[in-house]
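Q: I am new to this structure and would like a close look at one part of it, set carefully in its surroundings. Please define each term as you use it.

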Amino acid sequence: MAQRATRALPATARAADGEVLLAARNLTKSYAGADKQLPVLADIDLEVRAGEIVALLGKSGCGKSTLLRCLAGLIPPTSGTALYRGEPLTGANPGTAMVFQTFALLPWLTVQQNVELGLEARGLPAAERATAAGQAIDLIGLDGFETAYPKELSGGMRQRVGFARALVTEPDVLMMDEPFSALDVLTAENLRGELMELWESGEFPTRAVVIVTHNIEEAVLMADRVVILGARPFGSIRATFDVPLPRPRDRNAPQFGALIDAVYQVMTGREKDTAGHLPGRPATPARRTPANTPLPRAGVDGLSGLAEILIQHDNRRDLADLADELGLEVDDLLPLVDALDLLGLAMVTGNDLALTARGSAFGRADVQRSKQIFATAALEIPLVRLIVTSLQITPARTLRAGFFRDLLAHHYTSEQVTRQLETATDWGRYAELYSYDAGPEEYRLDATAAAPPPAG
Ligand SMILES: Nc1ncnc2c1ncn2[C@@H]1O[C@H](COP(=O)(O)OP(=O)(O)OP(=O)(O)O)[C@@H](O)[C@H]1O
């Protein structure tokens, strides 16, 4: 990327290192459910200071993007406050610009025009817009592509346009929502490296960066501070790690590995103790119910595959090594890890994923026996049990998916409901507890599950 020329924009007072640029105070956010507001974020207190890169890390659906959008002033918090330089936001944050995972470019505009769009709202004369866009294009390594249209560009180049469009406004804080997730591994690595060089060189025209990611290594590679959001039953800050390692960071350094391990442990740790914990009330261990036991996106094929791999490693394997062996990110494994844990088939101890006796039996059994073991485990899962019990007490032994959708809608957003029913359908079918006909969207009790399940 080229060095930056003189700035074309009037500078806002440059924040001194350490000055608080963004803050969330006791912030909560709820979205409309079927009949009430459903909390997605609770009790968020966070500061982003000049001179730092903050990564918001957490599993899918824990509210990372929602928090980013609240801080950018794109959506209002339900309660609490989002502040920019000490002032509560009442609309779009004037000190931030956003880079999206999907690039969000306008296909009928050239690179130059897309970048200039970032300045449209500022009412700058055309000549100044063109100069500023030219500088941002240079900075981000897009020179020569000014007149190209997005469809002519590779994913990596399109995302460079996304960066240039955000940086052209010289925002105090650059907000990035999974900016590298849509790119192939090498392109992502290259772009990430260039951005970090630019940040380190002092040529980066922003004072702070907030990046949303579900990739642990990306967070530790880039951030000065990693803030981990947990999702059960809704997003709150579970832990914060400072990353005091010099840049460029060496993935093979022992401290790097130690930090990754520490973050893994928080990310893979169960959130049982706070299940059902409402903001402002003490946490109490709760009985598992469909409302406090959301099902991860994990199919039986993946679960049995993972169990079989663990068996080859004497029932236990370091999670990071396991991901390496499979050519995956640990994050890709987390839904499966969560599911094995929920089903009592495996547990996370330290950095290891270890099969339980039930998990080991499941992984070793022939198909019929593994179905039986899985059925016993699945019946301990509140949503699966709800479906089975409801079917058992319905004379026709069939029920529309809409019935369960309505029940779950009291606790989850419609996207979450759909995802959970997909998982429950997959698990119940494999366990031969019920079948599902996607035409009429109907569950039917299987003969093997006709007897009421044991109480508990
Ligand atoms: N506009 C909306 N209306 C209703 N529900 C929403 C809306 N936006 C997000 N949600 C729900 O809020 C929860 C948090 O979403 P959010 O996108 O903030 O999470 P995330 O951690 O960024 O997830 P991901 O990594 O999958 O993008 C999700 O369950 C999502 O379905």
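**From a loop residue to the ligand shell and the domains**

A: Phe103 lies in the loop between β6 (96-100) and α2 (111-117), where helices (H or I, at least four residues) and strands (E, at least two) are DSSP runs, numbered from the N terminus. This is a predicted model, in which local features need pLDDT of at least 70 and side-chain atom pairs count only at pLDDT 80 or more, while totals for chains, interfaces and linings use all residues. Residues are numbered from 1 along each chain as its sequence is written.

The backbone of Phe103 has a phi near 70 degrees, a positive value in a residue other than glycine. Phe103 counts as buried because it has 21 C-beta neighbours inside 10 Å; a residue is buried if 20 or more other C-beta atoms lie within 10 Å of its own, exposed if 12 or fewer, and partly exposed in between, with C-beta atoms placed from the backbone. Asp43, which is found in strand β2 (residues 37-49), also has a positive phi, near 55 degrees, without being glycine. Asp43 has 17 C-beta neighbours inside 10 Å, and therefore counts as partly exposed. Another backbone feature is the cis peptide bond that joins Arg247 and Pro248, with omega about -5 degrees; Pro248 has its place in the loop between β10 (236-242) and α7 (254-268).

Strand β2, which holds Asp43, belongs to an open sheet of four strands, in the order β2-β1-β4-β5 with antiparallel pairing; two strands pair if DSSP finds at least two bridges between them. At the edges are β2 and β5 (87-88), each of which pairs on one side only. Within this sheet, strand β1 (residues 20-32) and strand β4 (residues 79-84) pair in the antiparallel sense over five bridges, and Ala24 stands opposite Ala82 in β4. Helix α1 packs on the sheet, touching β1, β2 and β4, and its direction makes about 125 degrees with that of β1. Here, two residues are in contact if their C-beta atoms, placed from the backbone, lie within 7 Å, and axes are lines fitted to C-alpha atoms, for helices over the stretch in contact, with angles running from 0 to 180 degrees between N-to-C directions.

The helix that packs on this sheet also leads to the ligand, since of the 14 residues around the ligand, Tyr31, Ser60, Lys64, Ser65 and Thr66 come nearest; a residue is near a molecule or strand if its C-beta atom, placed from the backbone, lies within 6 Å of it. The elements that give two or more residues to this shell are α1 (64-71) and α15 (414-430), and α1 gives the largest share, three residues. By class, the shell has three nonpolar, nine polar and two charged residues, where Ala, Val, Leu, Ile, Met, Phe, Trp, Tyr, Cys and Pro count as nonpolar, Asp, Glu, Lys and Arg as charged, and the others, Gly among them, as polar. At least three residues of the shell come from each of domain 1 (20-268) and domain 3 (373-449), with domain bounds taken from an automatic or database domain assignment.

That assignment also gives domain 2 (300-368). The C-alpha centres of domain 1 and domain 3 lie 38 Å apart, and six residues of domain 1 are in contact with seven residues of domain 3. On the side of domain 1 that touches domain 3, the residues divide into three nonpolar, two polar and one charged.

A second open sheet has three strands in the order β14-β16-β15, again with antiparallel pairing. Its edge strands are β14 (398-400) and β15 (434-437), each pairing on one side only, and the twist averages 20 degrees from one strand to the next. Three bridges join β14 to strand β16 (residues 442-445), and Leu399 stands opposite Tyr443 in β16. Helix α13 (residues 382-392) lies across β14, β15 and β16, running at about 70 degrees to β16. The buried residues of α13 are Leu383, Val384, Arg385, Ile387, Val388 and Leu391, and what covers them includes α12 (367-378), α14 (401-408) and α15, the last of which also gives residues to the shell around the ligand.
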